[in-house]
Every structure is written in C-alpha cells, then in structure tokens.
Amino acid sequence: MTRYADIPKPIRSGIVIVDPERGTPQRIIVLQFNPDTLERSVAPQSSGGSGDAGGGGSGSGDRNEALRLKGPAEETWKFTAEIDATDQFEVAAPDGIHPQLAVLEMLVQPTTAQLREATRLSKKGTIEISPIETPLTLFTWGSKRVMPVRLTELSVNESAFDVQLNPIRASLGIGMKVLTVSDLPAGHRGADLYLAHLAQKERLAAAARGGRLAELGLARGV
C-alpha cells in the first residue's frame, strides 16, 4: 500500500538573483505553486531576408544567407504564478502577501539607492549617466532548465484582501526573455550560464530517438 510519505515531493520552480562577479546567490524566490502551463516561443535569428533574390520570388533576401543564423534564437517564456496566504496558515502574514509581491516587483525596479545616486550625478552636471543595471536573474524549472532571463512583463491580479486591505491572494502574469550570448558581454557569468543551458538542450536532443526515411514514405532516399 502506497503511503503519502512515499510519494516524492515535487520540486519548485523559482527565480535566483545571482552576484554576477562571484556567482553566489543573493536571493532565492521559490514560487508557492508550480504554474499549470508554460507558454514558450523560440524565434530563430536568421541571417537572410524572408524572401529570395530572384527566380520569380517577391522577396529581396540573399540566397547565400538563407540557411545561416546570426546568433542564438530569441526565446521567451510566459506563465501565471499564484500566491495565496490562506494556503499557509502556519506562517504569520501580518502584511498579507505584500512582501511576496514586492520581491517580484523589485526585479523590474531600480532601488532607491540607485535612483538617489543617479540624481546626485545629474546634479553634479554629469554629461551622461549609464543606465541602471539590474542583478543577474536566473529562472529555474527543474535541473534541466536553468537560464539567465530578463523580466519583460509583470501583471498582478489581486483577488482577496484581509480586514486591513492587505492582499492575501493574487495571480501574476510573468513574461521573460532568455538572455543569450548576444545580449550579454563576453565573459559575463550570465553568458556562461546561457551556454550551459544550450548545452543541456543539445544533450537532450542527442538522446531523442531518430526516425527513418521509410516512416516518411521516402524509402528510396531524398
């Protein structure tokens, strides 16, 4: 008879903030519930145009570039995360889920210290102020999917509140772009992590069963 204690506990997906210099985690955000669905988009970075260079076609692409890639594909992820304080009665929540929401929102916000420093430099007459750099952010979906990302979308739908109007339940629409070696400087830790992510894809692709031409009705070859 199978006991509940014998059932493996599922690992959680989450976000890890990493020090890009030392590679040490600065903060670990564990999603309370794993999303039920993931929406992924992978767009190749083709070198040539969408059309051909003649022969009756209407495009203006270079035939010599049709099979070339400029770099890694652009990959985006979208999912909905749920946060519910009522599912954690054993944890005191005097502020509701404000802290959990704030942690996620700060992934797309500069800190007050960074904003004050930018203001100080502008008052000194600094000609050009470099854009504020956010921490290196990793999204993890099991051990086979660990990748550097930039959050591109964060929408919050709060659906329940306590007597102090603190939110106690919310769903968050999260959109992310996977950062590749084309997005990061050479030698950046995020670039190395992307290469490890891509190498994992290559290992999984090598493990897939190959088909046979006969299954496609091409027994005589192509």
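**Entry 1: order of elements**

I read the chain from its start and wrote down the pattern β-β-β-β-α-α-β-β-β-α. That gives 3 helices and 7 strands. I note here that the model is predicted. I then looked up burial for the whole chain: of its 222 residues, 26% count as buried.

**Entry 2: the largest pocket**

I searched for pockets next. Rolling a probe the size of a water molecule over the atoms shows where empty space is left. The largest pocket came out with a volume of about 360 Å³. I counted 16 residues in its lining, and those closest to the centre are T134, P135, R150, L179 and L184.

Which element gives the most to this lining? I found that β6 does, with 3 residues. Strand β6 covers residues 146-161, and β5 covers 136-140; each of the two supplies at least two lining residues. I sorted the lining of the largest pocket by class and got 10 nonpolar, 3 polar and 3 charged residues.

**Entry 3: the second largest pocket**

The second largest pocket holds about 270 Å³ of space. Its lining has 13 residues, of which I29, V30, L31, Q32 and Q100 are the closest to the centre. I looked up where the lining comes from: β2 (25-30), β4 (69-84) and α1 (98-105) each supply at least two of its residues. By class, I wrote down 9 nonpolar, 3 polar and 1 charged for this second lining.

**Entry 4: salt bridges**

Side chains of opposite charge can pair when their charged atoms come close. How many salt bridges does a search of the whole structure find? I got 7. I looked at three pairs in turn.

I began with D19 and R22. The closest N and O atoms of this salt bridge are 2.9 Å apart. Are the two partners buried or exposed? D19 has a relative accessible area of 10%, so I count D19 as buried. R22 has 64% relative accessibility and therefore counts as exposed.

The next pair is E117 and R120, whose side chains meet in a salt bridge at 2.5 Å, N to O. I checked where the two residues sit. Both are in helix α2, which runs over residues 112-123, and because they are 3 residues apart there, about one helical turn separates them. E117 is partly exposed at 35% relative accessibility. R120 also counts as partly exposed, at 37%.

The last pair I looked up is D183 and K177. This salt bridge has its closest N and O atoms 2.9 Å apart. D183 is partly exposed, with a relative accessible area of 35%. K177 is at 12% relative accessibility, so I put K177 down as buried; the cut-off for buried is under 20%.

**Entry 5: a nonpolar patch on the surface**

I looked for nonpolar residues grouped at the surface. Which residues make the nonpolar patch of about 430 Å²? They are L213, L216, L218 and V222. I placed L213 against the helices and found L213 in the segment after α3, which covers 189-207. L213 has 40% relative accessibility and counts as partly exposed. Why can L213 belong to a patch? Patch residues need over 30% relative accessible area, and L213 meets that cut-off because its value is 40%.

**Entry 6: two pairs of residues apart in sequence**

I picked A43 and looked up its place: A43 lies in strand β3, residues 39-46. The relative accessible area of A43 is 32%, so A43 is partly exposed. I then took the distance from A43 to A73. The two residues are 30 apart along the chain, and their C-alpha atoms are separated by 5.3 Å.

The second residue I picked is L107, in the loop between α1 and α2. Is L107 buried or exposed? With a relative accessible area of 15%, L107 is buried. I also looked up L107 against T137: they are 30 residues apart in sequence, with 8.2 Å between them in space, C-alpha to C-alpha.

How values were computed:
Residues numbered from 1 in each chain as written. Predicted model: local features only at pLDDT ≥ 70, side-chain atom pairs only at ≥ 80, totals over all residues. Heavy atoms only, no water. 1 Å grid on protein atoms, 1.4 Å probe; cavity = no way out; pocket = protein on both sides within 12 Å on 5 of 7 lines; lining within 4 Å. Points joined across faces, edges and corners; volume = space filled by probe spheres on them. Helix = DSSP H or I, 4+ residues; strand = E, 2+ residues; numbered from the N terminus. Nonpolar A, V, L, I, M, F, W, Y, C, P; charged D, E, K, R; others polar. Salt bridge = Lys/Arg side-chain N within 4 Å of Asp/Glu carboxyl O. Buried < 20%, exposed > 50% of the residue type's maximum accessible area, 1.4 Å probe, protein only. Patch = residues over 30% accessible without salt bridge, like charges linked within 9 Å, V, L, I, M, F, W, Y side chains within 5 Å. Areas by Shrake-Rupley, 256 points an atom, 1.4 Å probe, with all protein chains shown as cover.
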